[in-house]
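Work through the exercises below with the structure open. Each task is followed by a solution in steps.

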Amino acid sequence: MNKILLIIRREYLTRVRKKTFLISTLLFPVLYFGLIVGTGYITAKSGKSLKIAMIDSSGYFDKGKVERENQADSSATIVPVSIAADSLKANFESLGYDGYVIIPANTNWEDGLDNLSLKTSRTLSVESARPLERKLNNIWNSVKNEKLGIDEIKKKTMENSRVEVVPENVNDETANSTIASILGVVAAVLTYIILMIYGSQVMMGVMEEKTSRIAEVIVSSVKPFQLMLGKILGIGLVALTQVGLWLVTVLIIYNVTKGTTSAGGMQGMIGGMQEVFTSVNIPFMIFFFLFYLLGGFFFYASLFAAVGSAVNEDMREAQSLSFPLMMPIIFSIITMQAVIKDPTGPLAVWGSIIPFTSPIYMMARIPFGVPGTVQWWELAVSMLSLIGGFIFTTWFAGKIYRTGILMYGKKPSWKELIKWGFRKN
Amino acid sequence: MALLQLNHLKKNFATQKAVDDISLNIERGSIFGLLGPNGAGKTTLIRMITGIFYPDEGEILFDGKKFDPLNDIEHIGYMPEERGLYKKMKIGEQALYLAQLKGLSKTDATLKLKTWFKKFDMESWWDKKVEDLSKGMQQKLQFVTTVLHDPKLIILDEPFSGLDPVNANLIKDEIYNLAKNGATIIFSTHRMEQVEEICDHIVLVNKGRKILDGTVKQIKNDFKENLFRISFTNEILPEHLGIFLFELVKKTGNEVIVKINPGHTNNEVIQYFLNKEREIESFNEILPSLNEIFIRQVDGTPTARQFQETN
């Protein structure tokens, strides 16, 4: 059997068989969605329902209106009281209120009613006063409507006043920019995570071989380049397996829920997924997602391998030396928002051609549509430069690796590493 | 015919000449000692022989043909001084993997491993992990993985370090066995007593150059100084010792160490003492130990001290 295949098989099997692989494969989607759903849930639940006493000196906020509003929305309760302001200030807590508002006597419906203050004994955030604000606004609006003689029908007519503008590409009718943004973010974040996690796995793997001194035994059987390539390909396959499992899970969920109108808490998410599947060319997306994922991985992995070969046991050395490699990855995930906001702007176009940033940028842009947003030539140049990029980094890193893997002692600087990389045999 | 022939090998690193014009022949089936202080260039030399490094100049002939690392590597087994195994990998799996990298098929490798594991009493280890083994046990495993594929050339760098005497003997016997069955062994070490015991032929390198080359016996003869230890049963007096035949080196009680002057034989010396009516109890030549020879050879260089430490 070919020796590279043997190395790939070992790298792959030792990792896939580990419990941590299984756990991270299962746990990641759970955590990811848990985070999204959970944060929404927590924000919704954590806001305490306030009970607020109200002294209405103006006479506009009558009991009937307040009652109707309290029934329509339970996120805050307004209780009209008729106590003197001073005694309410002293006693509102013992009466069981979280705070109180006073509608001034000189309020006139034709003027505004701005800057009411909510008096509390604890400092509340603006956010927690929102439900109260919403209710008072509703009541105030209905007061105004009544005074102006606007009935329910007229009110409806008034409310239909909003004009919404949705971008739609004439070349690509299916492109939906909302879904594209979401899909772009998900694909780019996933690429980012895979690059970071599996890139450092390559580095750690090389360090392990170097520090346990097995490297010298192996390179007396195979060429150092074969060892490096086998490791990168093996770990790449692990990454592919993990992503593949996630994709399959999503496809299964899609197919199972297709056509059913499921009820319950998952409905929103599943409905969203169904919408994604109908509005996006899924095989096309998956192809490019895998291409940029693997391309980006190969581009960076060999450089991580070179760093791993250059350092010794010390994790700090590895961290300081690998930081320059992580910079462009972190940079591209941070600036990705700008790319999604303006997917045809110069940052987006150039960034998705340069292989340092292209795996993440391109994944953020492709959902917006090819050739609507990403021109075919851009895609071709980007793919070619990524392929060329990883051939170059692999060649370059291979030379650093060959020197580094058998070199012990002082940690070399990046300058020395680059010198090793360009040295003739 | 020599299995391995090195002709004027040179290898330079940025700052130093690691191997500077070394030529040597290693006979098939011999146990060859490669000696030298740390930094002498032994490891670099071995790495060129194992195809890890390419020589800058010179050529390597393996089995009569120009050394072709890609194919010949399968006939070489190398155990580096710094042992290396995957700590988290199971022992059987690891040994199989290393054997397959050397070109053995899985079935062959399994079969051979079973035999070796039995021989070394390691059968119960198959599913253990390397990190669970003691250092000596790891050493045995490493030795097995080095010789498993029946290499023509076996290179062992300090094979006995970290082994207890029982296991050291076990390995030593296997080394003899392998040599008897036709394998050629390069044995790299600092431990002179092992070299004297095991090696047929030795080479000493220092600072990238070969400074000694020959059989153990021949080298000892080359460096002998005609020193003899003579002890007497009756008293020996100063006036007995002033003679042109020899010079006195040392006298303790009735025992003297003398250096016989060139042009004179042992018999003349014995005859002289008999004429003086001295009764000789013993008469021995003092041959230098390899250790002494090597210290003398590399003396004056800062690395010479290492040899004294292993004394």
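The exercises cover a helix pair, a chain contact and one helix of chain B.

This is a predicted model, in which local features need pLDDT of at least 70, side-chain atom pairs count only at pLDDT 80 or more, and totals for chains, interfaces and linings use all residues. Residues are numbered from 1 along each chain as its sequence is written, and chains are lettered from A in the order in which they are written.

**Exercise 1.** Describe how α9(A) and α15(A) pack.

Step 1. Helices are DSSP runs of H or I with at least four residues, and strands are runs of E with at least two, numbered from the N terminus. Helix α9 of chain A covers residues 224-257 and helix α15 of chain A covers residues 376-404.

Step 2. Their axes are 9 Å apart, at an angle of about 115 degrees; axes are lines fitted to C-alpha atoms over the stretch in contact, and angles run from 0 to 180 degrees between N-to-C directions.

Step 3. With contact meaning C-beta atoms, placed from the backbone, within 7 Å, Pro224(A), Phe225(A) and Met228(A) of α9(A) meet Gly398(A), Tyr401(A) and Arg402(A) of α15(A).

**Exercise 2.** How many residues does each chain give to the contact?

Solution. Chain A gives 17 residues and chain B gives 18 residues. On the chain B side, helix α3 (residues 91-101) supplies the largest share, 4 residues.

**Exercise 3.** Check the length of α5(B) against its expected span.

Step 1. The expected span is 1.5 Å times one less than the number of residues.

Step 2. For the 13 residues 135-147 of α5(B) this gives 18 Å, and the end C-alpha atoms are 19 Å apart, which agrees.

Technical notes:
Two residues are in contact if their C-beta atoms, placed from the backbone, lie within 7 Å.
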